[in-house]
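This report introduces a structure to a reader who has not met it before. The sequence and the structure come first, followed by the description.

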Amino acid sequence: MAKHCPICNASSDDVVFVGEFCSKCAGKKLEEKLPELIKIERCRICGRIQTKEGVMEIDRKSLQIVMQQRLNKFKVNLVSYGDDKAVLDVVEEGWSQPVAGEKEVNIKYTKMTCESCYKKQGGYFEATLQLRGDDERAERFAERFKRYIEERGGFISEVKKVEGGYDVYASNKSDAAAYLKEKDIKAKASYTLSGLNKSGKKVYKNTYAIRL
Ligand SMILES: [Zn+2]
Ligand SMILES: [Zn+2]
């Protein structure tokens, strides 16, 4: 015997059913279950957002990650997005057949300070490059080095003019070392103990003296 949808009265002879409802009404019921508002933490300084894959620029990829994270019981596909709204395709599985709905959600950005901006504000650094020699060459070197560090998510907390050159303070010593190695730059390295980390291991700051 044919079933009739209690909402729209469609017959199971004509349309697909999911449980006691026709698939269209089941989709509408799914849409009603979804939140109207999604909150996302956004850094007050760099404007990037917190996702489970780290702090990212706001774009299709990062918003897709956050939306899927928030609606983790469903399969979510970001259709479009604007400054404070996003349209999502949402699929709920586990029924006789998947139920699909579309939802426009409001986005509210809440303020935070990301780890990298927090460290930057505090003048954090792990490595110092002491560039000595021609000023112009040192400035060009510092620019290229800065780009390299920033492309890898780090930062330069200070470029300081000193007698005979520049001191450049970088947030990440492994990237600093990788740069010198990659560019085959000869540097005299020294290490100063800067303290202990959370697990009690000694932490060193690296200094690289470079003659240009
Ligand atoms: Zn119906
Ligand atoms: Zn930030």
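In this predicted model, the chain is divided into domain 1, residues 34–113, and domain 2, residues 123–211. Between the C-alpha centres of domain 1 and domain 2 there is a distance of 38 Å.

Strand β3 comprises residues 37–43, and its side chains alternate between two faces. Ile38, Ile40 and Arg42 are directed to one face and are buried. Leu37, Lys39, Glu41 and Cys43, in contrast, point to the other face and are not buried. Strand β3 is joined to strand β8, residues 99–112, by 7 bridges, and the two strands run parallel. Within this pairing, Glu41 has Thr110 of β8 as its bridge partner.

Two residues call for attention on account of their backbone angles. Asn9 has a positive phi although it is not a glycine, and Asp184, likewise a residue other than glycine, also has a positive phi. The table sets out the angles.

| Residue | Phi |
|---|---|
| Asn9 | about 70 degrees |
| Asp184 | near 55 degrees |

Asn9 is located in the segment before β1, a strand of residues 17–18. Asn9 counts as exposed because it has 9 C-beta neighbours inside 10 Å, where the limit for an exposed residue is 12 or fewer.

Asp184 belongs to the loop between helix α5, residues 173–182, and strand β12, residues 188–196. With 6 other C-beta atoms within 10 Å, Asp184 is therefore exposed.

Definitions and conventions: Residues are numbered from 1 along each chain as its sequence is written. Chains are lettered from A and ligands numbered from 1 in the order in which they are written. This is a predicted model: local features need pLDDT of at least 70, side-chain atom pairs count only at pLDDT 80 or more; totals for chains, interfaces and linings use all residues. Helices (H or I, at least four residues) and strands (E, at least two) are DSSP runs, numbered from the N terminus. A residue is buried if 20 or more other C-beta atoms lie within 10 Å of its own, exposed if 12 or fewer, and partly exposed in between; C-beta atoms are placed from the backbone. Two strands pair if DSSP finds at least two bridges between them. Domain bounds come from an automatic or database domain assignment.
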